[in-house]
Amino acid sequence: GYFQSWKYFTDIQSHLRGSLNFKPHVEATASEFIRGEVTKHTNLDDGQYILIGIHVRRGDAIKNVKLLKYGYAIVPSSYYEHAVEHLARRFNELPLVFIVCSDDVEWSKKNLHHLRQNFIFSEGNSDAVDLAILAKCKHVIMSMGTFGWWGAWLSGGDAVYYKNWPRKGSQLEKSFDKGDYFLRHWIAI
């Protein structure tokens, strides 16, 4: 089976959120990155925008034939476009600022920068800092896999996930229950 489920810790969710902390230097680096990049790329002050994280996983998913055969799906740029527009319609009371954390920043810049204003790309940060950045966002658009899932869960807000993962008819889909994996209030696009 696939043993990652929010149901394992439903009764201790608030305790778990309070117990899972990033190391101080990771927390500080993520906060400084967000503050510095938002200031550099926008004219918005803290509290004048809604921060939305986007996790783009491509590296191993497009190179590893075993993962593809098992049921991983390559998330197309059109998914991110639809997810961004969905959140823009849903949260229109303040400007949105998007921070993209990816293992393929070059692809992300090429395919996502044109979607809206206020797109920031995390470059040169460790995986831990990228996860902390996602956790600090109000909402998260996730691609697939554990990293994006934890970023979305830790953020505590709404999450948008790719509805065609795992790939239909695959071995992964047969061993996978979307109701156990994706929280009920998360949005499939």
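**Figure 1. Exposed and buried residues of helix 2 in the predicted model.** On one side of helix 2, Pro24, His25, Glu32, Arg35, Thr39 and Lys40 are exposed. On the other side, Val26, Ala30, Ser31, Phe33, Ile34, Glu37 and Val38 are buried. Viewed down the axis of helix 2, the buried residues fall within an arc of 155 degrees, so they line one face of the helix. An α-helix has 3.6 residues a turn, so residues three or four places apart point the same way. The buried residues of helix 2 pack against strand 1 (50–56), strand 2 (96–102), strand 3 (119–121) and helix 7. At 1.5 Å a residue, the 18 residues of helix 2 should span 26 Å, and the end C-alpha atoms of the helix are 26 Å apart, which agrees.

**Figure 2. The packing of helix 2 (residues 24–41) against helix 7 (residues 127–136).** The axes of helix 2 and helix 7 lie 9 Å apart, and the angle between the two helices is about 60 degrees. The crossing of helix 2 and helix 7 is right-handed. Which residues meet here? Helix 2 contributes Val26, Glu27, Thr29, Ala30, Ser31, Phe33 and Ile34, and helix 7 contributes Ala128, Val129, Ala132, Ile133 and Lys136. By type, the residues of this contact are eight nonpolar, two polar and two charged.

**Figure 3. Phe22, in the loop between helix 1 (13–19) and helix 2.** Phe22 has a relative accessible area of 23%, and it is therefore partly exposed, since a buried residue would be under 20%. Leaving out residues up to four places away in sequence, Phe22 touches Glu27, Ala128, Leu131, Ala132, Ala135 and Leu154. One of these residues, Ala135, is 113 residues from Phe22 in sequence. In space, the C-alpha atoms of Phe22 and Ala135 are 9.9 Å apart.

**Figure 4. The buried side of helix 5 (residues 77–90).** Tyr79, Tyr80, Ala83, Val84, Leu87 and Ala88 are the buried residues of helix 5. Around the helix axis they cover an arc of only 165 degrees, which puts them on the same side of helix 5. What do these buried residues pack against? Their partners are strand 1, strand 2, helix 6, strand 3, strand 4 (139–141) and strand 5. Helix 5 has 14 residues, which at 1.5 Å a residue should span 20 Å; its end C-alpha atoms are 20 Å apart, which agrees.

**Figure 5. Lys109 in helix 6.** The relative accessible area of Lys109 is 33%, so this residue is partly exposed. Lys109 touches Phe121 and Glu123, not counting residues up to four places away in sequence. Phe119 is 10 residues from Lys109 along the chain, and the C-alpha atoms of Lys109 and Phe119 are separated by 9.1 Å.

**Figure 6. Backbone geometry at Asn118 and Pro166.** Most residues other than glycine have a negative phi, and most peptide bonds are trans. Asn118 is not a glycine, yet its phi is positive, at about 60 degrees. Asn118 lies in the loop between helix 6 (105–112) and strand 3. The peptide bond that joins Trp165 and Pro166 is cis, with an omega of about -5 degrees. Where is Pro166? Pro166 is in the loop between strand 5 (159–161) and helix 9 (171–174).

Technical notes: Residues are numbered from 1 along each chain as its sequence is written. This is a predicted model: local features need pLDDT of at least 70, side-chain atom pairs count only at pLDDT 80 or more; totals for chains, interfaces and linings use all residues. Side-chain values use heavy atoms; hydrogens and water are left out. Axes are lines fitted to C-alpha atoms, for helices over the stretch in contact, and angles run from 0 to 180 degrees between N-to-C directions. Helices (H or I, at least four residues) and strands (E, at least two) are DSSP runs, numbered from the N terminus. A crossing is left-handed if the near helix is turned anticlockwise from the far one by less than a right angle, and right-handed if clockwise. Contact means heavy atoms within 4.5 Å. Ala, Val, Leu, Ile, Met, Phe, Trp, Tyr, Cys and Pro count as nonpolar, Asp, Glu, Lys and Arg as charged, and the others, Gly among them, as polar. The expected span of a helix is 1.5 Å times one less than its number of residues. Buried means under 20% relative accessible area, exposed over 50%, partly exposed in between (1.4 Å probe, protein chains only). The arc is that of the directions from the helix axis to the C-beta atoms.
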